[in-house]
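Work through the two exercises below with the sequence and the structure at hand. Each task is followed by its solution in steps.

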Amino acid sequence: MQVGDAEFREVEKHKISPKIVTSTIPAHSVFIFLLTVVLTALVVELLPPNCTYWDWATNEFILPESVPTYAVYGKSPNEEHLLHVAKVLQRLGYKRIALQNEWDLLWAHDYPFFKMTNRLKDLTNQQIVNHVPGCGFITNKVDLSTTELTFLPKAFRLPSQREDFLNYAQRSPNALFVQKHNEHRHILIRPVKDINLQSNDTFVQEFIQKPFLVDGYKFDIGVYVIVTGIDPLRLYIYTGDVLFRYCSVKYYPFNASNIDSYVVGDDYLPTWQVPSLVKYYEHLDGNMRDSFDAYVRDQYSDPSIIWLQVEGIIRETVLAKEQQIAGILRSYKNLNFFELMRFDFIIDEDLRVYLMEANMSPNLSSGHFKPNALLYEQILYSAFSLVGVSSLVRGTLSESDIFAAQIVSGVKQ
């Protein structure tokens, strides 16, 4: 017991002397005690993980909590892109194990259902996977872009829609087109005569020629979305922030051969380097969406027009593919799947929003831009809380940092 100053002075005043009490412990008692300690340690060491054992200090059985585990499926030996995934799971108490073991969570950067079909069709109730079978109907660039939806720039699958494309180009002499591969490579505006009309796994898409610009830079907007269930559909949109990526070269004077002026590359211009956004970004504690919204208001426009379109487009896109995904899921026993995607948009000068693509396994690496680490980890914490991988970490997330529920297929989350 700690003694206060007054009590301590009282002891000194009366000069109380402690009594020394001695006793003798038999040698055989000491031997028995030491032997018990050694045998207990040996038994505990030999016990398998998660086995109960007797605690001599408390005279009760101890039931150790099992450590949740995760495994990674990916084709690349370099896992720098998984840095934040690993950090968040470690903070949540997850231990990484080999893919062939019995994991609780599978984090697959690449699509796992071709190589692991049988195993993923036989999941236990405790296992969960970060991809939904059939979500390729949304994230496959050819399939999505050639879907008849009004907010998608006009696109044609090659070579099957070759004649439709040529007829459309003839009726629209001022239109520009880009030829895209399903892996999003080699995007370039091309004259119709230079487009390879016989190429497989490609499509031709009309180019939006008059984008909304900030300081002369074209940009795209990445909105993070998680699907936690199909039929009924459960869809959530992350509202804590969105990813803005600006082209590294100004759009005007327009030059179709300068791809950096109209296609966002890995070394894009971040919000905190766009002159007109810096003051907002610093004042608003590094929030990219709020910085952009402030700029739009300064241009005498209403940014809510943009975000209402974005939410509607996400909802309508997933609903358009819902039944196709549900058909794939019928062959799976346990539907313990979720899908974290990033929907990418551009805006024209009239604030009309166009969907460009939806990304499976979106980039969550801050390797190029360190300030993005906060956004990516908040997204992961929020996504994991939604699917039961963890509860929200107290004190790290505000209400605005979780995925906002959307009403879809009559289900309100």
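The exercises deal with a strand and its partners, then with a pair of helices, in a predicted model.

**Exercise 1**

Find the strands that pair with β8, and state whether β8 is largely enclosed or open.

Solution.
1. Strand β8 covers residues 177-181. Strand β9, residues 189-190, is joined to β8 by two bridges, and the two run antiparallel.
2. To fix the register on this side, take V178, which stands opposite I189 in β9.
3. Strand β10, residues 202-206, is also antiparallel to β8 and is joined to it by five bridges. Here H181 stands opposite T202 in β10.
4. Buried means under 20% relative accessible area. Four of the five residues of β8 are buried, so the strand is largely enclosed by the rest of the structure.

**Exercise 2**

Describe how helix α8 packs against helix α9: the angle, the handedness and the residues in contact.

Solution.
1. Helix α8 spans residues 275-283 and helix α9 spans residues 288-298. Their axes lie 9 Å apart, at an angle of about 120°.
2. Angles of 65 to 115 degrees count as roughly perpendicular and those over 145 as roughly antiparallel. The angle of about 120° therefore makes α8 oblique to α9.
3. The crossing of the two helices is right-handed.
4. From α8, the residues in contact are S276, L277, Y280 and Y281. They meet M288, S291, F292, A294, Y295 and D298 in α9.
5. Sorted by type, the residues of this contact are seven nonpolar, two polar and one charged.

Note on methods
Residues are numbered from 1 along each chain as its sequence is written. This is a predicted model: local features need pLDDT of at least 70, side-chain atom pairs count only at pLDDT 80 or more; totals for chains, interfaces and linings use all residues. Side-chain values use heavy atoms; hydrogens and water are left out. Buried means under 20% relative accessible area, exposed over 50%, partly exposed in between (1.4 Å probe, protein chains only). Two strands pair if DSSP finds at least two bridges between them. Axes are lines fitted to C-alpha atoms, for helices over the stretch in contact, and angles run from 0 to 180 degrees between N-to-C directions. Angles under 35 degrees count as roughly parallel, over 145 as roughly antiparallel, 65 to 115 as roughly perpendicular and the rest as oblique. A crossing is left-handed if the near helix is turned anticlockwise from the far one by less than a right angle, and right-handed if clockwise. Contact means heavy atoms within 4.5 Å. Ala, Val, Leu, Ile, Met, Phe, Trp, Tyr, Cys and Pro count as nonpolar, Asp, Glu, Lys and Arg as charged, and the others, Gly among them, as polar.
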